[in-house]
Protein chains: 4
Amino acid sequence: MQIGDPVSPEIATRTQASFARQGLMAYLGAEMTEVRAGQVTIRLPFRPELTQQHGFFHAGGTSAIADSAGGYAGFTLFPEGSSVLTVEFKMNLISPAQGEYLEAIGRVIKSGRTLTICQLDVWGVAGEARKHVATGMQTLICMKDRPDMPAAG
Amino acid sequence: MQIGDPVSPEIATRTQASFARQGLMAYLGAEMTEVRAGQVTIRLPFRPELTQQHGFFHAGGTSAIADSAGGYAGFTLFPEGSSVLTVEFKMNLISPAQGEYLEAIGRVIKSGRTLTICQLDVWGVAGEARKHVATGMQTLICMKDRPDMPAAG
Amino acid sequence: MQIGDPVSPEIATRTQASFARQGLMAYLGAEMTEVRAGQVTIRLPFRPELTQQHGFFHAGGTSAIADSAGGYAGFTLFPEGSSVLTVEFKMNLISPAQGEYLEAIGRVIKSGRTLTICQLDVWGVAGEARKHVATGMQTLICMKDRPDMPAAG
Amino acid sequence: MQIGDPVSPEIATRTQASFARQGLMAYLGAEMTEVRAGQVTIRLPFRPELTQQHGFFHAGGTSAIADSAGGYAGFTLFPEGSSVLTVEFKMNLISPAQGEYLEAIGRVIKSGRTLTICQLDVWGVAGEARKHVATGMQTLICMKDRPDMPAAG
C-alpha cells in the first residue's frame, strides 16, 4: 500500500463516522471530502463566523481542519479498535487565509507502531485560484485497544 | 513595564475591540477575561459544539483560543496603529482537554521590533480543579502602519 | 517528588554515564553541570569551532545542548532499564547566542508513561550578564526494556 | 525562477563563502554539496564524534545541518547585501539517524520580503540505501542592509 491509495469501504466508513462525531467540525461547517490511505482532505467554506479581526479565516479554524485532516490521515492506517490522539502540531501561516473555502490535506510522512508523523497543508480556494495559506507538521499517537467511541455517559 | 503589569484603559479598549471583531471567538463562545501588559487570558466554556470524537474539547478550539491569547498578548505591547499576525505556532496537547471551561493564557517571552515570541498555556477548569492541558509557543509579527481594522468592503 | 528536587546518586550516575557516551557533547566541549529530578543543565563554553557565519554560536550547537538537556531531564524520571529518544523539538532563537558560555536547561512539563514533554531554555552568559537566547519545547519517548547502552558491535 | 533552478555563479559563491565562515560546519565535517535557487544540500559524514548515547548521529548534528541547509536555501533568494537569521525551527526525528553520511536538504516553501519558510529533510545514506530520518520546518528572517560578514573585531 502507498500513501494516497484508495481505502476499503470499511476504513472509509469508520473514518467518516469518527469525523461525524467531532462536534466542532460540524459546528464550523467542515466536510471531509476525501479519504485515502494515509491522506485525508477536509474542506471549510467561508463564513463570517470563522474570521479573525481583519476578516480572513482565523488561524484557529485553519488549524482545526488541518489537525483533523492529519489525525484522520493517520487513523486510516491504524488497526481496527484503536483511536487517534494528537500529541503536538505546528503550523506556519504563510499567507492570509481567504477564499470561498479552505482545503486542508493531511498526509502521513512516517507511520510507526506508536507514533505517526503527518504533513499538514492548507489552501485557500477562490474559483480557479488556489493559494497555499498554511503548512505544518503533526505527531499522532495510536491508542490501541481503545475503540474510537465517545466517552461513556 | 513588566510583563503582567496593568495596561492603560486605551490599550485594554483597543485589545478588546480587536478581539470583538474576531468572528470565530464569538461563534465559539470565547471571552477575553483579562488583558495585562504582554499577557492575555481567554476563556472558552464547554459546549458539545466544541468537541472532538471522544467528547473532549477539539484541539482546534484549544488552539484557537491559545492563538488569540498569544496574539493579543503581543498586541498590547505594539505601537498604536499597528496590527498583529501569527507567523507560526506549535502546541503540545499534554492531557485530554476537558472541564467546565478552558482557560488560555498567552504571555510574551520576547518582544522585538518586528517579531514577538509568546508562550501559550491552556488549562481545563472544573470547579476547584485546574489541569494543564496544552502548552505551546508562538511567533508573531507586528504590521506597522496597518491599523487593526477589518479589510475594506 | 517535585521537578527540581535532588536525585538519588544512582540516577545522577546513570544520567551522567549516558551523557558521557554522547560523542557529540564531548566533541563540542559540553558539560552536564546539574542533574535534578526532571531538570538538567548543560553548559557549552564558547569556541570559534561552534560559530555561525557572524561569529555567534551556531543554532546547531544551541539546539544540541538544549536537546540533550531536555532528553536527560526526562531520563531522570524514567524507570531503570529504559532509554530515551527525542520525538521532536522546536526552538525559537530569540537573541544572538553569544557569551563566554551557553547554558541550556531542560525541564519536564509533563511526564507520561510513554511520552514526556520538556521546556528548553538557553542563556548566553558573560560575566554577571545572563541573556535568554533560545526557548523551545520537546517531546520525548521512553523506550522501555531497552537499556541505555550503545548499539552492539 | 523556480525553486530548484540553477543559481548564478555569484550567488553560488556568496552562499558557499558564508557557509565557509560557519565554524561549526567545518568542525563537524559538513560539506555544502549543492546550491540551487531556494534549495541547498549539506552532507555530514559519520564520525564517532557526532553520536548520541546509542551510537547514532546526535539530533544536534542532524539539526545543525538541517538548519544551515534551510538558512542558505533562503539566503540564495535574498537581495545582495543582506544576511539571514533563523527565527525558529522544528524537527521531527522519524528514524534513528545512521549511515555513512547524513544528507540535509533545505527547500524554500514560501519566500517573503521579511520572512521565509523552509522545509527541512534529512536522510541517512548507506551505499544504495537512503532513509528519511528527520523532517522539519523553519522560519528565516532576512536582515536587509546587513551584509553577511563576521562581527567586527
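This report describes how chains A, B and D meet in a predicted model.

## The interface of chain B and chain A

The contact between these two chains draws 42 residues from chain B and 42 residues from chain A. Together they bury about 3,300 Å². Carbon and sulfur atoms give 54% of that area. On the side of chain B, Tyr27(B), Gln53(B) and His54(B) supply 24% of the area buried against chain A, more than any other three residues.

Between chain B and chain A there are 26 residue pairs in polar contact, counting pairs with both residues at pLDDT 80 or more. Three elements of chain B give two or more residues to the side that touches chain A: α2 (23–28), α3 (59–75) and β3 (83–93). Of these, β3(B) gives the most, with 11 residues. By class, the side of chain B that touches chain A holds 19 nonpolar, 15 polar and eight charged residues.

## Strand β3 across the B and A interface

Strand β3 also links the two chains by strand pairing. Residues 83–93 of chain A form strand β3, and five bridges join this strand to β3(B). The two strands run antiparallel. Within this pairing, Phe89(B) in β3(B) is the residue that stands opposite Met91(A).

Side chains of opposite charge can pair when their charged atoms come close. Across the interface of chain B and chain A, two salt bridges are found. Lys90(A) forms a salt bridge with Glu88(B), and their closest N and O atoms are 2.7 Å apart.

## How chains B and A are related

Two copies of a chain are related by a rotation about an axis and a shift along it. For chain B and chain A, a rotation of 180° with 0.0 Å of shift along its axis superposes chain B on chain A, with an RMSD of 0.0 Å. Lys90(B) is the residue of chain B that comes closest to the rotation axis, with its C-alpha at 2.0 Å.

The interface residues of the two copies can also be compared. In chain A, 100% of the interface residues of chain B are also interface residues, so the copies meet through the same surface.

## The interface of chain A and chain D

Here 14 residues of chain A are in contact with 14 residues of chain D. The area buried between chain A and chain D is about 1,200 Å², and carbon and sulfur atoms give 63% of it. Lys90(A), Ile94(A) and Met137(A) supply 42% of the area that chain A buries against chain D, more than any other three residues.

Eight residue pairs are in polar contact across the interface of chain A and chain D, with both residues of each pair at pLDDT 80 or more. The elements of chain A that give two or more residues to the side touching chain D are β3, β4 (101–111), β5 (115–126) and β6 (129–143). The most comes from β6(A), with five residues. The side of chain A that touches chain D has four nonpolar, seven polar and three charged residues.

## Salt bridges and symmetry of chains A and D

Over all chains, the count of salt bridges comes to 28. Two salt bridges are found across the interface of chain A and chain D. The side chains of Lys90(D) and Glu88(A) meet in a salt bridge, at 2.9 Å from N to O. Lys90(D) lies in strand β3 (residues 83–93) of chain D and Glu88(A) in strand β3 of chain A, so the pair joins two chains.

A turn of 180° and a shift of 0.0 Å along the axis lay chain A on chain D, with an RMSD of 0.0 Å. This is the relation of a two-fold axis. In chain D, 100% of the interface residues of chain A are also interface residues, so these copies meet through the same surface.

## Strand pairing within chain D

In chain D, strand β2 (residues 39–45) is joined by seven bridges to strand β4 (residues 101–111), and the two run antiparallel. Ile105(D) in β4(D) is the bridge partner of Thr41(D).

Strand β4(D) is also joined to strand β5 (residues 115–126) of chain D, by 10 bridges, and this pair runs antiparallel. In this pairing, Leu102(D) stands opposite Gly124(D) in β5(D). β4(D) and β5(D) form a hairpin, with three residues between them.

Terms used:
Residues are numbered from 1 along each chain as its sequence is written. Chains are lettered from A and ligands numbered from 1 in the order in which they are written. This is a predicted model: local features need pLDDT of at least 70, side-chain atom pairs count only at pLDDT 80 or more; totals for chains, interfaces and linings use all residues. Side-chain values use heavy atoms; hydrogens and water are left out. Contact means heavy atoms within 4.5 Å. Buried area is the accessible area (1.4 Å probe) that two parts lose on being put together, summed over both. A salt bridge is a side-chain nitrogen of Lys or Arg within 4 Å of a carboxyl oxygen of Asp or Glu. A polar contact is a pair of N or O atoms within 3.5 Å; within protein, one must be able to donate a hydrogen and the other to accept it, and residues adjacent in sequence count only if both atoms are side-chain atoms. Helices (H or I, at least four residues) and strands (E, at least two) are DSSP runs, numbered from the N terminus. Ala, Val, Leu, Ile, Met, Phe, Trp, Tyr, Cys and Pro count as nonpolar, Asp, Glu, Lys and Arg as charged, and the others, Gly among them, as polar. Two strands pair if DSSP finds at least two bridges between them. Copies are superposed by least squares on the C-alpha atoms of residues with pLDDT of at least 70 in both.
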